[in-house]
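Work through these exercises with the sequence and coordinates open. Each task is followed by a stepwise solution.

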Amino acid sequence: MEDFHLPVCGEVEPWWFLASGAWGPAWNMAWDEALLEAVGRLGHPVLRTYGWAEPCATFGYFQPHAEVAARVPLRPLIRRPTGGGIVPHDGDWTYSVAVPPGHPWHELPAVDSYRRVHQWIQAAFASLGVQTVLSPCCDRRGPGECFVGSERHDLMLGGRKIAGAAQRRNRLGLLLQGSVQPPPPGLEREAWEISMKTVATETSGIRWNLLVPDTVLTGRVRQLAQGKYASDAHNLRR
């Protein structure tokens with residue numbers, strides 16, 4: 001594994017961390033979009049880790065709903081705010097990263113921001129004794145399905161893809177949404193989350209602060225969950 005570091009502003013940079021627990025599918029997508037909207041006023045990048053209150057599948061913002069529904073049996077199907085393909089959620093380790101506009105990570109080309117986030121996960125696994133590699137290129141056995149085949153810079157373990165991500169970059173900032181398929185038994189999610197923060201501090205000078213959501217943020221999450229991500233108008237729009 002090559003030397004790893006995250007794009008940061010200066011030698012020491014504050015980041016927010018939010019372990020938000022398990023939510024329903026519409027609420028999880030709402031949390032991530034609300035964090036993208038809020039990250040400018042929050043002033044620093046946010047790492048959020050979360051789980052799922054029920055099995056479901058999310059799919060990329062630009063994917064046709066009818067094609068997704070024909071490919072995956074999991075329900076509900078929720079359209080993400082990011083691109084990418086179909087991702088089943090049933091025990092996977094999910095996370096998001098929201099970066100404010102003007103931050104070095106926001107300025108990276110999409111391929112480089114994708115590579116950096118998977119190098120981060122790779123370094124976290126390595127510190128726990130799990131050796132993974134980044135895919136050098138593509139294996140498109142299942143186009144439109146995140147964990148069938150692989151894309152360049154996906155994270156691989158034993159020839160199998162275990163981590164993929166999708167992105168959205170606009171004037172509000174950068175949002176990365178990622179899913180990790182748990183490695184073999186013996187490694188707990190909490191240890192991985194701690195390792196993600198530890199390697200970021202040791203390699204890139206990130207200083208972690210717990211994010212306590214204010215009423216503005218939680219109100220926006222509720223609005224997006226109920227008015228957008230739980231609605232057919234959004235999920236069936238294509």
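**Exercise 1.** How many bridges join strand β2 to β6, and in which sense do the two strands run?

Solution. The model is a predicted one.
- Step 1. Take β2, residues 46-52, and count its bridges to β6: there are 5.
- Step 2. Read the direction: β2 and β6 run antiparallel.
- Step 3. Pick out one pair: V46 has A98 of β6 as its bridge partner.
- Step 4. Turn to β10. It pairs with β6 over 7 bridges, in the antiparallel sense. Here S96 stands opposite Q177 of β10.

**Exercise 2.** Decide which residues of β6 lie on each side, and whether those sides are covered or open.

Solution.
- Step 1. Recall the rule: side chains in a regular strand alternate between the two faces of the sheet.
- Step 2. Sort the residues. W93, Y95, V97 and V99 take one side; T94, S96 and A98 take the other.
- Step 3. Check burial. Both faces are covered, with the residues on each side all buried.
- Step 4. Conclude. Because 7 of the 7 residues of β6 are buried, the strand is largely enclosed by the rest of the structure.

**Exercise 3.** Which members of the largest nonpolar core touch the most other members?

Solution.
- Step 1. The core holds 35 residues.
- Step 2. Rank by contacts: Y95, V97, W105, W120, F125 and W192 touch the most other members.
- Step 3. Find the sources. Elements giving two or more residues include β1, β6, α3 and α4.
- Step 4. Look for the largest share: α3 supplies it, with 7 residues.
- Step 5. Look beyond this core. A second, separate one has 22 residues, among them L18, L42, C56 and L211.

**Exercise 4.** Describe α1: its span, its bend and its surroundings.

Solution.
- Step 1. α1 covers residues 25-42, 18 in number.
- Step 2. Compare spans. First to last C-alpha is 24 Å, close to the 26 Å expected at 1.5 Å a residue.
- Step 3. Locate the bend: about 35°, at L36.
- Step 4. Count buried residues. They are 14 of the 18, so α1 is largely enclosed by the rest of the structure.
- Step 5. Step past the helix end. G43, just after α1, takes a positive phi of about 90°.

**Exercise 5.** How many disulfides does a search of the whole structure find?

Solution.
- Step 1. The search finds 0.
- Step 2. Compare two cysteines. C9 is partly exposed at 41% relative accessible area, whereas C56 is buried at 0%.

Notes. Residues numbered from 1 in each chain as written. Predicted model: local features only at pLDDT ≥ 70, side-chain atom pairs only at ≥ 80, totals over all residues. Heavy atoms only, no water. Core = buried A, V, L, I, M, F, W, Y, C linked by side-chain atoms within 4.5 Å. Buried < 20%, exposed > 50% of the residue type's maximum accessible area, 1.4 Å probe, protein only. Helix = DSSP H or I, 4+ residues; strand = E, 2+ residues; numbered from the N terminus. Disulfide = S-S within 2.5 Å. Expected span 1.5 Å × (residues − 1). Bend = angle between axes of the 7 residues up to and from the residue. Pairing = 2+ DSSP bridges.
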